[in-house]
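Welcome, and thanks for opening the viewer. Could you set it to a cartoon view and keep the selection box handy? We will walk through the model one stop at a time.

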Amino acid sequence: MKTPGTSGKEANLLFRQAYEYMVTRMDRGEWQAHDKLPSIRRLAEELQVHRLTVFRAYQLLKQHQKVYVKEKSGYYVSPCKTEEQSPTEHAEKGRSFTTSSALKNSLSEIQQIPVTYQFSQALIDPNLLPNLFLSEHVKKVFDIYPKLMGTYSNAQGDEELREYLCRYMVRHHNLQLAASDLLITTGGQQAIDLISRIYIRPMDPILVERPTYSAALDIFRQQGARFIPVEINPDGYDLVKLEKLMEKHKPRLFYMNPTFHNPTGYTVPSAQRKQLVELAERYRCLLIEDDAIHEMYMDQPPPQPMLTYDTEGWVVYLRSFSKYIAPGLRICAVMGGLHVIQSLITAKSLADNGTPLVNQKMFLHYFESPRMQQHLEKLRIALQIRKEIVEQELISTGWRWVSPQGGFNLWIQLPDHIPVEQLLKECLRQSVSFVPGVICDPLREMSSWIRLSYSFVNEEHLRDGVRRLIAIAGRYASDGEC
């Protein structure tokens, strides 16, 4: 059964998202045991999808025993097994809190597993950072601001830092910005979360790259977003197909990572960036440009951000800095139109009332120092060496990837006979981690791909770890058995 007007793959994704939306409402206790659920027609109208989509979602809920049917009455929430507990157990349950079992961060779950060969962390090896200089810098900052620990930042962010970043963006990207056009968030991921809370309602269509940053997908799923995948390749996007998607679905936003893309490493060319802004204006689609590692190029600087071409306020630009300076500071600057920034300030004030002021001041004085710029040059060379080490080790495998011109990751396609899920389990058992491509795919189908981060471990560990990964993968015969 296919929803009229959609492809088979798209219809399949849509009904599963409707299913996840309903499961989430049950998990949160909004729909409780024996509650009557909305009719197919009413829920289809609420979610703005075809009735067949809702019907398929209800059938899956019934299959998983999450709902039951009363003849000529409709669908009802199934009681969970714990409802047959003793009165004492019920009393204990009554004193507990209900949490959402749908809450998930697939990437974090992998990264939290301690391993020797950490290829799932897209962060800089701490040994590559000028830690001694930074520690000396901390004292300098407290000398300048002796009362620093005794006050909050405002919700928008430290004004001195915002003014400095404005000058930096004008100097490097010729942008017309004022300090009021910026918001400081506690890392780029918080910015994504705040944006999703403001702009996404349940089952809202949003464009996302395929593949993309897995944590962003998990954030959007929490808001009940409906994913419209946009394929990204080494040359960027197919803009003809992209325009058709915008015209058909009227998406709320397009979350993108066009510079040293995570996980693929691809970079969208300048010509497409300008056209993307034009499409956003035409179809009133907010472009969320996530730019976490702009300075981490190896030969040539990347193209200018899409914000450079934006004159009507359709681009929200997330510029992270701390990944390659001091990850623990968690500094991201969000830039955009006044209407966007004002909404984000309110959301930020509700989330944490402002990024810690001490972090902002430390970042400000460290980032503007001449030593920082020298550090960036050395860091680019170190990352290129590490990337080349991994590629040299992989040459003999027959695995496929496109060598990136910047960033922290290789996006690798393994032969079909290697079961990535089993490979990951065995690798973790032998103290090697990587990111399975399926969690980066909004369709959850890229089961032959992995993301391998070369930035976090030293050169010796890179060689040893990649060799161990190859050896483990080599144990899988062409029939898929170890």
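Start by selecting Leu383, whose place is in helix 14. Keep in mind as you look around that this is a predicted model.

**Stop 1: Leu383 and its surroundings**

Is Leu383 buried or exposed? Its relative accessibility is 1%, and buried means under 20%, so Leu383 counts as buried. Now show its contacts: leaving out residues up to four places away in sequence, Leu383 touches Ile124, Met296, Met298, Gly407, Phe408, Tyr454 and Ser455. For a sense of scale, draw a distance from the C-alpha of Leu383 to that of Arg167; these two are 216 residues apart along the chain and separated by 28 Å.

**Stop 2: a three-stranded sheet**

Next, colour strands 11, 14 and 13. They form an open sheet in the order 11-14-13, with antiparallel pairing. The edges are strand 11 (409–413) and strand 13 (435–436), each of which pairs on one side only. Helix 14, spanning residues 370–394, packs on this sheet and touches strand 11 and strand 14, and its direction makes about 20° with that of strand 11. Zoom in on strand 13 and strand 14 (residues 449–453): the two run antiparallel and are joined by two bridges. There you can find Pro436 standing opposite Ile450 of strand 14.

**Stop 3: Leu428**

Move on to helix 15 (residues 420–429) and pick Leu428. With 21% relative accessibility, Leu428 counts as partly exposed, because that class lies between the 20% and 50% limits. Beyond its neighbours within four places in sequence, Leu428 is in contact with Ile113, Val115 and Ser433. A line from its C-alpha to that of Leu182 spans 41 Å, across a sequence separation of 246 residues.

**Stop 4: strand 9 and its partners**

Select residues 315–320, which make up strand 9; six of its six residues are buried. In a regular strand the side chains alternate between the two faces of the sheet. Turn on side chains here: Val315, Tyr317 and Arg319 point one way, while Val316, Leu318 and Ser320 point the other way.

Which strands pair with strand 9? Strand 8 (residues 286–291) does so in the parallel sense over five bridges, and strand 10 (residues 331–335) in the antiparallel sense over four bridges. Two pairs make good landmarks: Glu289 has Tyr317 of strand 9 as its bridge partner, and Ser320 stands opposite Cys332 in strand 10.

**Stop 5: two helix pairs**

Two packed helices are described by the angle between their axes and the distance between the axes.

Select helix 8 (residues 188–199) and helix 12 (residues 338–351), whose axes are 10 Å apart and at an angle of about 110°. The two helices are therefore roughly perpendicular to each other. To see the contact, show Gln190, Leu194, Ile195, Ile198 and Tyr199 from helix 8 together with Val340, Ser343, Leu344, Ala347, Lys348 and Ala351 from helix 12. By type, these residues divide into eight nonpolar, two polar and one charged.

Finish with helix 7 (residues 159–173) and helix 13 (residues 357–367), whose axes come within 10 Å and cross at roughly 35°. The crossing is left-handed. On the helix 7 side, display Glu160, Leu161, Tyr164, Leu165 and Tyr168; they meet Gln360, Lys361, Phe363, Leu364, His365 and Phe367 of helix 13. This contact divides into seven nonpolar, two polar and two charged residues.

How values were computed
Residues numbered from 1 in each chain as written. Predicted model: local features only at pLDDT ≥ 70, side-chain atom pairs only at ≥ 80, totals over all residues. Heavy atoms only, no water. Axes fitted to C-alpha atoms, helices over the stretch in contact; angles between N-to-C directions. Left-handed = near helix turned anticlockwise from the far one by under 90°. Contact = heavy atoms within 4.5 Å. Nonpolar A, V, L, I, M, F, W, Y, C, P; charged D, E, K, R; others polar. Parallel < 35°, antiparallel > 145°, perpendicular 65-115°, else oblique. Pairing = 2+ DSSP bridges. Buried < 20%, exposed > 50% of the residue type's maximum accessible area, 1.4 Å probe, protein only.
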